Structure formats: structure tokens, C-alpha cells
Amino acid sequence: QVQLVESGGGLVQAGGSLRLSCAASGRTASRYGMGWFRQAPGKEREFVAGISWSGGTTFYADSVKGRFTISRDNAKNTVYLQMNSLKTEDTAVYYCNAALNGLGNTRGKYWGQGTQVTVSS
């Protein structure tokens, strides 16, 4: 069992920045690909960014390329999502996800509770 807890969400104006964190606990010795997904009201949950266990491979949705950066610190069992140049379209609940043996581009079985990101115009 792996538990994921997101933090760092909040209200920010368009063009601003926010950094999300996802802390993992439980069975963290395994090598998990990690990812961030988001879900806006009335929309399906969509992939945002992913990263391999080593951090050497990353993936980004086209909508966030050049603005968001995913990273991880395995010593701290934490994955981050640095979000710059935020747009109102980025408003959503952001979820951390872990996939055993994944490269960071797949939807794993473990989810955090989500953290709200609201971007105002």
C-alpha cells in the first residue's frame, strides 16, 4: 500500500506561479513512475506531467509544455510540480499518481486526495 498526499494548491492570479508537492508513504521502496493529473468540474481527469523513478524521463501534456516542470526527490519520497505562467484554464483539482514500474506516462493505481488550484484572471 502506498499513500500519497498532495499540498501546495491555492489561489493565484493568471501569469503567476505555484509549486505542488506530493509526499509518499507506505511501500515506497519500490520504483514507481510518478505523475500529476488534474480534473476540472464536469471534465474527465487528464494527464498533466509524469516522471520516471530516476527522473531521467519526463512527459508533459501539450497544454502545459514550457510552463510546468515535474521533478522528484527520492530521498524525500516527494514529487513536485512547478507551475509557471498559470492560465485560468489550469484551474482544477490536481492529483498525484503512482504506477509501479511505470515510466511516468501511465495511470497507476495509487492516488492522492487532490489539491485545489484556482487561477484568477
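The following paragraphs describe the strands, the disulfide, the largest pocket and some local backbone features of a predicted model.

A convenient place to start is the open sheet of 4 strands, whose order is 1-3-8-7 with antiparallel pairing. Strand 1 (2–7) and strand 7 (68–73) form the edges of this sheet, each pairing on one side only. Averaged over neighbouring strands and with direction ignored, the turn of one strand against the next is 15°.

Strand 8 (78–83) has antiparallel partners in this sheet. Strand 3 is joined to strand 8 by 6 bridges. Along this pairing, L20 has L81 of strand 8 as its bridge partner, and S21 stands opposite Y80. Strand 7 also pairs with strand 8 in the antiparallel sense, over 6 bridges, and here R72 has V79 as its bridge partner. Strand 7 and strand 8 make up a hairpin with 4 residues between them. In the turn of this hairpin sits N77, with a positive phi of about 50°. Strand 8 itself is mostly covered, with 5 of its 6 residues buried.

Strand 11 (residues 115–120) offers a clear pattern for anyone looking at side chains, because burial here means under 20% relative accessible area and the side chains along the strand alternate. T115, V117 and V119 point to one face and are buried. Q116, T118 and S120 point to the other face and are not buried. The pairing of strand 11 is parallel in one case and antiparallel in another. Strand 2 (residues 10–13) runs parallel to strand 11, and the two share 4 bridges; within this pairing, V12 stands opposite V119. Strand 9 pairs with strand 11 in the antiparallel sense over 3 bridges, and Y94 stands opposite T115. Both V119 and T115 belong to the buried face of strand 11.

How many disulfides does the model contain? The count comes to 1 disulfide. This link is formed by C22 and C96, with their sulfur atoms 2.1 Å apart. It connects distant parts of the chain: C22 lies in strand 3 and C96 in strand 9 (residues 92–100), 74 residues apart. The angle about the S-S bond is -85°, and the link of C22 and C96 is left-handed. C22 and C96 are both buried.

Next comes the open space in the model. Rolling a probe the size of a water molecule over the atoms shows where empty space is left. The largest pocket has a volume of about 180 Å³. A total of 15 residues line this pocket, and those nearest its centre are A24, T28, R72, N74 and N77. Two of these names have already come up in the strand 7 and strand 8 region: R72 as the bridge partner of V79, and N77 in the hairpin turn. Strand 3 (18–26), strand 4 (32–39) and strand 8 each supply at least two residues of the lining. By residue type, the lining of the largest pocket divides into 8 nonpolar, 5 polar and 2 charged.

Which contact does G35 make across the sequence, and is G35 buried or exposed? G35 has its place in strand 4. At 4% relative accessibility, G35 counts as buried, because the cut-off for burial is under 20%. Between G35 and R107 the C-alpha to C-alpha distance is 7.9 Å, although the two residues are 72 residues apart in sequence.

Two loop residues deserve a look for their backbone angles. S85, a residue other than glycine, has a positive phi near 50°. S85 is found in the loop between strand 8 and strand 9, and its relative accessibility of 41% makes it count as partly exposed. N101, likewise a residue other than glycine, has a positive phi near 65°. The loop that holds N101 runs between strand 9 and strand 10 (110–111). N101 counts as exposed because its relative accessibility is 65%, and exposed means over 50%.

How values were computed
Residues are numbered from 1 along each chain as its sequence is written. This is a predicted model: local features need pLDDT of at least 70, side-chain atom pairs count only at pLDDT 80 or more; totals for chains, interfaces and linings use all residues. Side-chain values use heavy atoms; hydrogens and water are left out. On a 1 Å grid over the protein atoms alone, a cavity is a set of points where a 1.4 Å probe fits but cannot get out, and a pocket is an open set with protein on both sides within 12 Å along at least five of seven lines; lining residues have an atom within 4 Å of a point. Grid points are joined across faces, edges and corners, and a volume is the space filled by probe spheres set on the points. Ala, Val, Leu, Ile, Met, Phe, Trp, Tyr, Cys and Pro count as nonpolar, Asp, Glu, Lys and Arg as charged, and the others, Gly among them, as polar. Two strands pair if DSSP finds at least two bridges between them. Axes are lines fitted to C-alpha atoms, for helices over the stretch in contact, and angles run from 0 to 180 degrees between N-to-C directions. A disulfide is a pair of cysteine sulfur atoms within 2.5 Å. Buried means under 20% relative accessible area, exposed over 50%, partly exposed in between (1.4 Å probe, protein chains only).
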